[in-house]
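Please open the model in a viewer and keep the selection tool at hand. The tour below proceeds by selections, each followed by an account of what is found there.

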Amino acid sequence: MTSKLIFEKSREGRFATAQAPLESLDALLEGSDLPSEQRRTQPTVLPEVSELEVVRHYTRLSQKNFSIDTHFYPLGSCTMKYNPRACNSLAMLPGFLARHPLGPESHGQGFLECMFELQEMLKSVTGMSGVSLTPMAGAQGELTGVAMIRAYHRNRGDLARNEILVPDAAHGTNPATATMCGCKVVELPTDSEGDVDIDALKAAVGPNTAGIMLTNPSTLGVFERKIKEIAAIVHEAGGLLYYDGANLNAILGKCRPGDMGFDVIHMNLHKTFSTPHGGGGPGSGAVGVAKRLEPFMPIPVVGKNDDGYHWLSEADLPLSIGRLSGFMGNAGVLLRAYIYMRMLGDDGMRRVGEFATLNANYLMARLSDAGFDLAFENRRASHEFIITMKRTAREHHVTAMDIAKALLDEGFHAPTTYFPLLVPECLLIEPTETENKETLDEFVAAMIRIAERAERDAQAIHAAPVTLPVRRLDDVQAARQLDIVWTGSEDAAA
Amino acid sequence: MPFIPHTEQDIADMLEAIGADSIDDLFDEIPESLRIDGLDGVPKPMNEMAVTRLMHERAAKDANALSFIGAGAYEHHIPAAVWQLTTRGEFYSAYTPYQAEASQGTLQVIYEFQSMIASMTGMDASNASLYDGASAVAEAALMAVRANRKSKSRRVVFAGGTNRTYQKVAEAIAGTQGLRFEESGFDRKTGRAELSTLVDGDEPPVAVVISQPNFFGCVEAVDELTDAAHAAGALVIAVVNPTALALLKPPGEWGEQGADIVCGEGQPLGVPLSSGGPYFGFMTTRQSFVRQLPGRIVGRTKDLDGKSGFTLTLQAREQHIRRSKATSNICTNQGLMVTAATMYLSLLGEQGLARVAAASHSQTRQLTEALCTVPGVTRRFDAPAFHETVLQLDRPVGPVLEALAERDLLGGLDLSQIYPELGHCLLICATETKTDEDIQRYRDELARVMGASTTLRDAG
């Protein structure tokens with residue numbers, strides 16, 4: 001299948017006429033006062049194509065993607081669960097789509113009621129006292145969380161606290177966020193069983209500690225067993241606890257960050273609450289807070305009184321860290337999460353954590369039995385687990401990346417590779433609760449086939465993938481001979 | 001069990017393979033005292049039929065208003081093909097294209113998007129998008145501090161008349177890193193940014209934010225503003241409406257040297273209003289600053305057989321590699337919204353987009369003329385307008401808008417909260433979606449609300 005660009009299909013004078021005003025440009029501009037020196041004179045690269053060509057071009061492009069709807073997608077730490085179709089079609093009802101963000105509250109009671117109830121449900125599942133829905137992605141939720149911690153200390157006049165503790169297994173966003181908030185990052189080591197090194201923590205906390213950022217279960221796929229001890233140490237030192245909600249799916253309905261002692265949490269609604277990943281966004285990073293951080297929540301928040309639902313803004317939350325988006329965040333994503341949560345209800349919510357954990361432990365047991373090396377063989381899996389290909393890399397020069405590419409040829413999306421950074425040649429595998437046993441068994445069979453092939457014919461694995469629209473791509477050329485906008489050439493720069 | 005496929009037999013077989021007696025055993029590493037038994041704040045489950053009924057009832061409460069609100073989010077016609085294709089599972093339920101070979105669809109769409117938006121803004125390079133227009137401005141300010149090596153300043157000036165919410169968002173996102181944001185003056189007669197106060201102040205700014213059109217809908221004299229900012233050693237961050245770019249000079253051609261960073265709200269390009277999101281922010285720049293761009297970037301390269309393909313590139317700037325030294329903590333873009341925008345731009349092409357822009361411009365002119373026939377209503381600023389204008393009323397705007405809303409007409413944005421210095425001002429907008437009849441209806445309703453006893457049918 002060739003992959004012509006839409007621009008290469010362009011023919012002068014063609015366009016999807018049904019989609020534009022019928023009058024000519026000259027007629028529409030008659031009497032216009034736009035100054036001539038401000039007018040555009042240079043043409044754009046926008047293609048001149050028919051509606052059918054557009055439909056066919058993008059339909060065909062879509063067919064070059066792996067997705068949850070087409071493939072098992074066990075990408076660790078990303079929670080690629082089924083995105084129920086009803087969540088999409090109901091969030092796209094005309095009444096919701098047409099509502100202008102600055103429209104009056106009187107003409108948004110339906111939407112606001114959903115958002116208020118979503119806030120309440122999220123409080124319940126996290127055990128937090130307040131929720132703001134405005135952050136537009138997990139990383140923005142993190143930024144919000146650390147900014148609130150900073151604002152809290154400053155509001156008490158405690159200006160020295162500018163250190164954020166981050167375990168070495170953390171997502172890259174954690175240290176990047178702390179830096180964006182003007183804080184200093186202090187990295188904490190992990191012990192051999194995957195828990196935070198308590199002695200190192202005790203040595204690290206002090207009068208400069210603003211807080212700690214933790215993911216629990218951690219990115220190593222295990223539950224942080226000493227969480228209450230950690231909370232006590234950090235709180236005693238005057239710091240606050242931040243919960244990275246990337247792995248909330250593992251414990252949904254089983255235990256709650258608020259009960260563990262966390263002061264602030266962000267939730268990835270696009271993971272735990274099944275809103276679509278959309279090829280890399282939009283996400284949503286709603287935040288939950290303990291009582292003492294409520295005054296600092298980002299605005300707007302939805303409130304309720306006798307007159308109905310209304311926005312809380314600057315006047316209601318004068319200590320707020322402010323606004324993070326032009327309006328109120330990714331409203332349509334929030335609606336999808338709301339619909340999902342209403343369908344699951346209290347019972348369904350609990351089962352998410354249970355079956356995500358069952359699937360992960362089953363897959364871990366099967367792979368271990370098949371001879372794959374677990375990173376933490378004495379631990380339970382949470383909703384995900386890590387295998388390390390260190391042995392295969394040493395003995396057969398087949399790396400975790402090679403295995404990942406070979407899985408693509410088997411019709412499976414690859415697990416997360418080379419993350420977390422502290423486990424060599426790792427594959428982080430997260431099956432989610434929506435996959436059935438047959439799919440998991442097929443995945444195990446594919447892994448066994450690949451492992452056997454790696455022993456016999458490593459070259460074949462190095463050549464993978466061979467069944468997809470392209471083979472392995474030259475990332476070095478991509479970065480060195482940068483070709484990121486089309487300027488008329490047919491091929492990538494050679 | 002909603003969306004969980006396990007049979008009783010599956011559960012038994014799986015537990016046996018694990019060597020556990022029950023699912024509960026799998027949670028035995030969680031301290032007993034932390035385990036919960038039920039969620040009080042979550043209602044009982046609903047099936048799809050019940051939730052469908054509930055959501056239809058809720059959506060119906062919000063429907064049926066004729067809206068003339070703009071102020072950063074605009075109602076445009078969206079071709080049916082755009083969202084039918086965008087919500088195909090292959091786009092909708094894919095993740096960030098880390099496995100390039102299995103994500104060529106998404107990657108090529110983003111490459112095409114980058115090409116389109118770079119060309120429309122007249123710049124060399126684009127990223128794969130940011131969260132929304134407001135947060136893109138914040139990221140642009142942070143980028144300007146990295147890119148402007150000649151300046152030690154952390155002062156960023158917003159030209160008067162730039163969306164004040166954007167400044168608030170920039171303060172929330174970038175203020176913690178020591179950036180200071182200030183607004184220069186705007187001319188009370190024209191509604192444009194004042195050239196004389198643009199680079200005033202205690203120290204020369206590191207960057208100046210210039211919007212085109214500005215928040216009042218006024219078309220700015222961008223060449224003079226750009227040159228003045230450059231003369232003061234500042235980088236120019238252009239904030240543009242993408243629809244307007246079909247008619248207006250691209251920022252790459254502003255002044256002697258062109259703008260340095262261009263960003264804006266992508267929503268007008270095929271994204272529904274939807275209460276404020278998800279939208280997307282776009283960002284383009286000149287070649288020399290490409291390594292300072294935040295967010296994802298897609299590049300074209302070759303595969304092992306020499307065939308063209310697409311991949312995420314310049315990842316060394318990003319958080320998953322650079323951690324605390326990354327250009328931004330951002331990891332998602334708004335991939336799905338960009339997919340929609342790319343299809344929208346392909347369907348309309350340059351001609352179609354120019355017609356949309358011109359029709360919006362023309363309907364806003366008509367709307368302004370019609371409303372100004374109502375006694376007590378005048379146009380506030382005299383600069384040319386793109387598709388929004390500010391009206392001055394002879395009384396507080398809030399009650400007038402409330403009275404109109406009771407008749408299911410949303411008359412615009414009351415500026416008295418945001419610009420108290422302007423008095424009773426109302427920001428109105430019409431796009432190509434507003435017919436002559438819609439405009440006449442607004443005029444008649446406004447006349448009624450403002451106490452005029454006659455309807456002037458010939459006024460529109």
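A residue is termed buried if 20 or more other C-beta atoms lie within 10 Å of its own. The model is a predicted one, and the tour begins with one whole chain.

**Chain B as a whole.** Select chain B. Of its 460 residues, 63% count as buried. The C-alpha trace of chain B spans about 80 × 55 × 50 Å along its principal axes. A cartoon representation of chain B will show 12 helices and 15 strands. Among the contacts in chain B with a separation of 6 or more, 75% are accounted for by residues 24 or more positions apart.

**A helix pair within chain B.** Next, select residues 133-147 of chain B, which form helix H6, together with residues 164-174 of chain B, which form helix H7. The axes of these helices are 8 Å apart, and the packing angle is about 55 degrees. H6(B) and H7(B) are therefore oblique to each other, and their crossing is right-handed. Display the side chains at the contact: H6(B) contributes Ala134(B), Ser135(B), Val137(B), Ala138(B), Ala141(B) and Leu142(B), while H7(B) contributes Thr165(B), Tyr166(B), Val169(B), Ala170(B), Ile173(B) and Ala174(B). Colouring this contact by class gives 10 nonpolar, 2 polar and no charged residues.

**A helix pair between the chains.** Now select helix H11 of chain A (residues 331-369) and helix H1 of chain B (residues 8-18). Here the helices pack at an angle of about 50 degrees, with axes 8 Å apart. H11(A) and H1(B) are therefore oblique to each other, and the crossing of this pair is left-handed. On H11(A), the contact is made by Leu358(A), Asn361(A), Tyr362(A), Ala365(A) and Arg366(A); on H1(B), by Met14(B), Ala17(B) and Ile18(B). By class, the contact of H11(A) with H1(B) comprises 6 nonpolar, 1 polar and 1 charged residues.

**A loop residue of chain A.** Finally, centre the view on Glu48(A), in the loop between helix H1 (25-28) and helix H2 (51-62) of chain A. Why does Glu48(A) count as partly exposed? Glu48(A) is placed in that class because it has 19 C-beta neighbours inside 10 Å, whereas 20 or more are required for a buried residue. Add Arg11(A) to the selection: Glu48(A) and Arg11(A) are 37 residues apart in sequence, yet 5.5 Å apart in space, C-alpha to C-alpha. Leaving aside neighbours within four places in sequence, Glu48(A) is in contact with Ser10(A), Arg11(A), Glu12(A), Gly13(A), Arg14(A), Phe15(A) and, in chain B, Gly349(B).

Definitions and conventions
Residues numbered from 1 in each chain as written. Chains lettered and ligands numbered in written order. Predicted model: local features only at pLDDT ≥ 70, side-chain atom pairs only at ≥ 80, totals over all residues. Axes fitted to C-alpha atoms, helices over the stretch in contact; angles between N-to-C directions. Helix = DSSP H or I, 4+ residues; strand = E, 2+ residues; numbered from the N terminus. Parallel < 35°, antiparallel > 145°, perpendicular 65-115°, else oblique. Left-handed = near helix turned anticlockwise from the far one by under 90°. Contact = placed C-beta atoms within 7 Å. Nonpolar A, V, L, I, M, F, W, Y, C, P; charged D, E, K, R; others polar. Buried ≥ 20, exposed ≤ 12 C-beta atoms within 10 Å, placed from the backbone.
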